[in-house]
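Reader: I've got this one open in my viewer and would like to talk it through. Where shall we start?

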Amino acid sequence: MGDDSTATATAPDGRARAGDRWTRPWGALVAVVALTAVAWPLEREPLRRDDFPLSTYPMFAIRRKDARIVLDYVIATGPGDARVHVPPRLVAGPEVMQAMMTVSRAVARGHAATLCAEVAARLTGRGRYAGYDTVKVISGNHLAVPYLTRGERGRETVRASCPIPRGDR
């Protein structure tokens with residue numbers, strides 16, 4: 001053997017072992033099958049054939065210019081078109097989802113005016129809202145990306161509007 005850096009498996013009589021003649025073709029076949037399995041999803045049509053376990057996650061991979069966000073929310077408004085979203089803790093409690101569901105249910109059940117009056121009463125005497133005079137319950141239908149990234153509003157429907165009572169609590 002000496003300095004030979006490439007060792008080959010041979011039988012004592014110098015011939016290659018019987019199993020070794022299939023090592024390279026078997027390895028090549030395994031490599032081709034593995035590469036095919038990895039590349040196979042690339043030929044699929046992402047929207048028509050999206051399925052478990054090979055999902056292309058089209059909700060993240062496909063650009064949707066018309067994606068919309070439809071929400072019900074509560075804002076405080078003031079002079080000069082000033083507006084601020086009322087935080088969840090002043091709408092229904094500290095949980096965002098609880099506040100969102102409270103507003104959505106009030107709108108769906110026709111109780112937006114009652115919710116509006118309750119929120120307006122909570123804003124009374126709070127320094128941060130001193131410059132605001134009205135609470136509005138709004139249903140908004142916005143293009144998602146412009147609304148969430150640049151604050152560009154779409155169509156808004158005022159479901160209820162009520163004044164913020166003045167005076168300290």
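Author: Let's start with one residue, bearing in mind that this is a predicted model. Leaving out residues up to four places away in sequence, Val 91 touches Val 74, Val 86, Ala 99, Val 103, Leu 115, Val 119 and Arg 122.

Reader: Which residues have the most contacts inside the largest nonpolar core?

Author: That core has 23 residues. Val 91, whose contacts we just went through, is on the list. The full set is Val 74, Val 86, Val 91, Val 119, Leu 123, Val 135 and Val 137.

Reader: And which element gives the most to this core?

Author: Several elements supply at least two residues each: strands E1 (68-77), E3 (134-143) and E4 (155-163), plus helices H3 (88-91), H4 (96-108) and H5 (112-123). As a general point, nonpolar side chains in soluble globular proteins tend to be buried together. Here the top contributor, with six residues, is H5.

Reader: How many residues are in the second core?

Author: This core is separate from the big one. Among its members are Tyr 73, Ile 75, Ile 138 and Tyr 147. Its residue count is seven.

Reader: Why is E1 largely enclosed by the rest of the structure?

Author: Burial here means under 20% relative accessible area. E1 has ten residues, and it counts as largely enclosed because the number of them that are buried is seven.

Reader: OK, what about pairing: which residue in E3 is the bridge partner of Ile 75?

Author: E1 and E3 run antiparallel and are joined by ten bridges. Ile 75 also turned up in the second core. Its bridge partner in E3 is Lys 136.

Reader: Which residue in the turn between E1 and E2 has a positive phi?

Author: E2 covers residues 83-85 and pairs with E1 in the antiparallel sense over three bridges. One bridge partnership there is Thr 77 with Arg 83. The two strands form a hairpin with five residues between them, and the turn residue with a positive phi, about 70°, is Gly 80.

Reader: Zooming out, in what order do the elements run from the N terminus?

Author: The protein has six helices and four strands. Reading from the N terminus, the order is α-α-β-β-α-α-α-β-α-β.

Reader: Last one: what share of the accessible surface belongs to carbon and sulfur atoms?

Author: For context, buried residues make up 26% of the 169 residues. The accessible surface comes to about 12,400 Å². Of that surface, the carbon and sulfur share is 57%.

Key
Residues numbered from 1 in each chain as written. Predicted model: local features only at pLDDT ≥ 70, side-chain atom pairs only at ≥ 80, totals over all residues. Heavy atoms only, no water. Buried < 20%, exposed > 50% of the residue type's maximum accessible area, 1.4 Å probe, protein only. Areas by Shrake-Rupley, 256 points an atom, 1.4 Å probe, with all protein chains shown as cover. Core = buried A, V, L, I, M, F, W, Y, C linked by side-chain atoms within 4.5 Å. Contact = heavy atoms within 4.5 Å. Pairing = 2+ DSSP bridges.
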